[in-house]
Amino acid sequence: MSLGFLLASVFLACAVEAVEALTIVLAVGTTRGWRPTLQGRIAAGLTVLAATVA
């Protein structure tokens, strides 16, 4: 029973963080332009992926 609560709370925390990140990307894209925003998002995603794999 406690494992289920742990998994549910971790999933909900990740969902909240994903929505928060999306909100930041949308805000920056709206104010500064979409091209640099998307390039930065892709670079950050590749950096996180490389760190995770390493």
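The expected span of a helix is 1.5 Å times one less than its number of residues. This rule offers a way into the present structure, which is a predicted model. Helix 2 covers residues 34-53, and its 20 residues should therefore span 28 Å at 1.5 Å a residue. The C-alpha atoms at its two ends are 28 Å apart, in agreement with that expectation. Helix 1, residues 2-32, can be examined in the same manner. Its 31 residues reach 45 Å from the first C-alpha to the last, close to the 45 Å expected.

These elements account for the secondary structure of the protein chain, which comes to two helices and zero strands. The radius of gyration of the chain is 15 Å, whereas the globule rule gives 10 Å for 54 residues; the chain is therefore more spread out than a compact globule. Along the principal axes, the C-alpha atoms fill a box of roughly 45 × 30 × 5 Å.

Between the helices, attention falls on G33. This glycine follows helix 1 and has a positive phi, near 110°. On either side of G33 in the numbering lie T31, which belongs to helix 1, and A43. The C-alpha atoms of T31 and A43 are separated by 19 Å, with the two residues twelve apart along the chain.

How much of the protein chain is buried? Buried residues make up 6% of the 54 residues. In helix 2, the number buried is one out of 20 residues, so this helix lies largely in the open. T37 has its place in helix 2, and its relative accessible area is 10%. Because buried means under 20% relative accessible area, T37 counts as buried. Leaving aside residues up to four places away in sequence, T37 touches V25, V28 and G29. T31 of helix 1 provides a contrasting case: its relative accessibility is 65%, and it counts as exposed.

The surface deserves separate consideration. The accessible surface of the protein chain comes to about 4700 Å², and carbon and sulfur atoms hold 76% of it. L3, L6, L7 and V10 make a nonpolar surface patch of about 390 Å². An α-helix has 3.6 residues a turn, so residues three or four places apart point the same way. One member of the patch, L6, lies in helix 1. With a relative accessible area of 46%, L6 is partly exposed, a class that lies between the limits of 20% and 50%.

Definitions and conventions. Residues are numbered from 1 along each chain as its sequence is written. This is a predicted model: local features need pLDDT of at least 70, side-chain atom pairs count only at pLDDT 80 or more; totals for chains, interfaces and linings use all residues. Side-chain values use heavy atoms; hydrogens and water are left out. Helices (H or I, at least four residues) and strands (E, at least two) are DSSP runs, numbered from the N terminus. The radius of gyration is taken over C-alpha atoms; the globule rule is 2.2 Å times the number of residues to the power 0.38. Buried means under 20% relative accessible area, exposed over 50%, partly exposed in between (1.4 Å probe, protein chains only). Accessible areas come from the Shrake-Rupley method with a 1.4 Å probe; for residues, only the protein chains shown count as cover. Patches are made of residues with over 30% relative accessible area and no salt bridge: like charges are joined within 9 Å, nonpolar side chains (Val, Leu, Ile, Met, Phe, Trp, Tyr) within 5 Å. A salt bridge is a side-chain nitrogen of Lys or Arg within 4 Å of a carboxyl oxygen of Asp or Glu. Contact means heavy atoms within 4.5 Å.
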